[in-house]
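Thanks for sharing this one. I have set out my reading as numbered points, so please follow along with the structure open.

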Amino acid sequence: MKAARESLADMRVILLCALLTLSSSHTCPKECSCNMNTKAVDCRGRGLYDIPRRLNQDTQELYLQDNRIRGLGSMAFRDIPHLRVLDLSNNSITSISPTSFLGLRNLLHLNLAHNSLKDLDKRWFGHIRSLSHLDLSHNSLWGLPIAMGDNQKNLSHLDLANNRITRLDRSMLEAMVRLNSITLRNNPWRCDCQLIGLKLWLETYSFKGGAVDEVICSHPEEMKDRDLQKVPYQLFHACMATSYHYLFANIHHLESERLLQGHIHGNHAHPSGHTLHVPLSVGEGLGEGRGSLPECEPKQRQRPVNLRHAIATVIITGVVCGIVCLMMLAAAVYGCAYAAIMAKYQRELKKNEELSAAKAADHASADEKEPLENAIA
């Protein structure tokens with residue numbers, strides 16, 4: 001009898017726990033509205049200062065636009081790992097923890113438009129490699145981290161309109177192999193020698209069918225209000241004189257960055273608690289006197305391939321220049337030899353003409369003397 005009562009009590013406890021679990025799994029924050037069929041949570045325009053708690057772990061869509069959120073803390077979305085759509089547009093976000101998006105392996109759409117972001121941490125997107133749509137428009141971004149290209153190979157739509165971007169790295173864009181459309185308008189593009197890479201990428205991208213709007217130059221003055229895609233290459237003619245300078249400077253920077261990364265592996269944090277910053281690359285400065293300053297940390301994998309490519313480019317350039325010089329030397333030798341042969345030929349021809357003239361004169365003299373001798377005889 002006692003055993004039966006204990007068994008009944010255990011069953012009640014189990015049933016109560018099951019009911020509590022079932023109840024908690026279907027909770028909806030009081031400041032939001034939830035649709036259990038679409039697994040969507042709508043918290044738009046509710047004056048929120050933070051991400052709501054007690055979200056259903058099966059949530060796939062979360063709409064938080066038009067609120068007052070100023071920052072995203074570490075693992076802000078850990079309770080909803082199946083999230084596929086996240087809209088944080090039109091808030092006041094200025095800071096995002098490097099691990100804010102940790103766990104969102106299924107996220108496809110991320111909207112951060114109309115916020116106050118100035119810099120992007122490459123670690124944000126290292127956790128969400130499934131992204132297909134990313135909207136970063138209407139912020140104050142100076143540029144994008146180069147590593148973002150390797151992390152976002154599935155990205156198909158990228159919106160960077162209305163920021164403060166002056167340059168974009170060509171290798172980063174080339175790494176986004178599935179990119180179908182990109183929006184770049186209303187940025188203060190600096191159309192100098194360092195933007196030739198972007199111009200080449202835009203032309204190739206458009207030729208392959210990619211959708212792009214416009215890149216209107218703001219600097220220098222002679223390029224102002226011109227579309228980079230329509231600027232003739234003749235206007236970049238002066239860049240050829242400085243191309244080697246940028247190439248060797250970039251090689252030097254990449255080598256310094258590699259050494260710095262090796263040092264950081266033994267020092268993960270700065271003693272003061274602040275994050276160190278290093279520039280992306282020479283020619284990749286992202287504003288007047290500014291650069292994109294990604295946090296200095298050990299990379300998930302080193303990328304010496306860029307250095308090898310740069311060195312290979314120098315070697316190939318040297319070989320080509322050497323071949324051109326040899327061809328010029330061969331042409332010069334051939335020209336000199338040809339000139340010498342022609343000069344000798346002309347001298348011999350002139351000499352033969354002179355000998356022929358002398359013989360003709362002697363023959364004429366002999367003919368004149370013969371009638372005279374006959375007459376005397």
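1. Ile315 lies in helix H6; helices here are DSSP runs of H or I with at least four residues, strands are runs of E with at least two, and both are numbered from the N terminus. At 52% relative accessibility, Ile315 counts as exposed. The terms work like this: buried is under 20% relative accessible area, exposed is over 50%, and partly exposed is in between, using a 1.4 Å probe and protein chains only.

2. A word on the model itself: it is predicted, so local features need pLDDT of at least 70 and side-chain atom pairs count only at pLDDT 80 or more, while totals for chains, interfaces and linings use all residues. Residues are numbered from 1 along each chain as its sequence is written, and side-chain values use heavy atoms, with hydrogens and water left out.

3. Back to Ile315, which has company: together with Ile311, Val319, Ile323 and Met327 it makes a nonpolar surface patch of about 470 Å². Patch members have over 30% relative accessible area and no salt bridge; nonpolar side chains (Val, Leu, Ile, Met, Phe, Trp, Tyr) are joined within 5 Å, and like charges within 9 Å. The areas come from the Shrake-Rupley method with a 1.4 Å probe, and for residues only the protein chains shown count as cover.

4. How many aromatic pairs are there? Rings of Phe, Tyr and Trp (its six-membered ring) pair if their centres lie within 6.5 Å, with planes under 30 degrees apart called stacked, over 60 edge-to-face and the rest tilted. By this rule the count is four. In one of them, the ring centres of Phe77 and Phe101 are 6.2 Å apart and the planes are at 5 degrees, so this pair is stacked. It links distant parts of the chain, 24 residues apart: Phe77 is in the loop between strands S4 (71–72) and S5 (85–87), and Phe101 is in the loop between strands S6 (95–96) and S7 (109–111). Both Phe77 and Phe101 are buried.

5. Tyr334 and Tyr338 are stacked too, because their ring centres are 6.4 Å apart and their planes are at 20 degrees. Both tyrosines lie in helix H6 (residues 305–376), four residues apart, about one turn of the helix. Tyr334 is exposed at 60% relative accessible area, and Tyr338 is partly exposed at 48%.

6. Please also look at Arg44, whose charged end sits over the ring of Tyr63, 5.8 Å from the ring centre. The rule asks for NZ of Lys or CZ of Arg within 6 Å of the ring centre and within 35 degrees of the ring normal.

7. Next, the salt bridges. A salt bridge is a side-chain nitrogen of Lys or Arg within 4 Å of a carboxyl oxygen of Asp or Glu, and the structure holds eight. Asp192 and Arg167 meet in one of them at 2.6 Å, N to O. This pair links distant parts of the chain, 25 residues apart, with Asp192 in the loop between S11 and H4 and Arg167 in the loop between S9 and helix H3 (170–175). Both Asp192 and Arg167 are buried. Arg190 forms a salt bridge with Asp192 as well, the closest N and O atoms being 3.5 Å apart, and Arg190 is partly exposed at 26%. Arg167, Arg190 and Asp192 are thus linked in a network of salt bridges.

8. Lys199 and Glu203 meet in a salt bridge at 3.2 Å, N to O. They are four residues apart in helix H4, which means a separation of about one helical turn. Is Lys199 buried or exposed? It counts as buried, at 1% relative accessibility, while Glu203 is partly exposed at 31%.

9. Gln152 is in the loop between helix H2 (148–151) and strand S9 (157–159), and is buried at 0% relative accessible area. The side chain of Gln152 reaches the backbone oxygen of Ile128 at 3.1 Å.

10. Finally, some backbone points to check by eye. Most residues other than glycine have a negative phi, and most peptide bonds are trans. The bond from His219 to Pro220 is cis, with omega near -10 degrees; Pro220 is in the loop between strand S13 (217–219) and helix H5 (243–264). Asp66 has a positive phi, near 60 degrees, and is partly exposed at 41%. His114 also has a positive phi, near 55 degrees, and is partly exposed at 39%.

Methods. A polar contact is a pair of N or O atoms within 3.5 Å; within protein, one must be able to donate a hydrogen and the other to accept it, and residues adjacent in sequence count only if both atoms are side-chain atoms.
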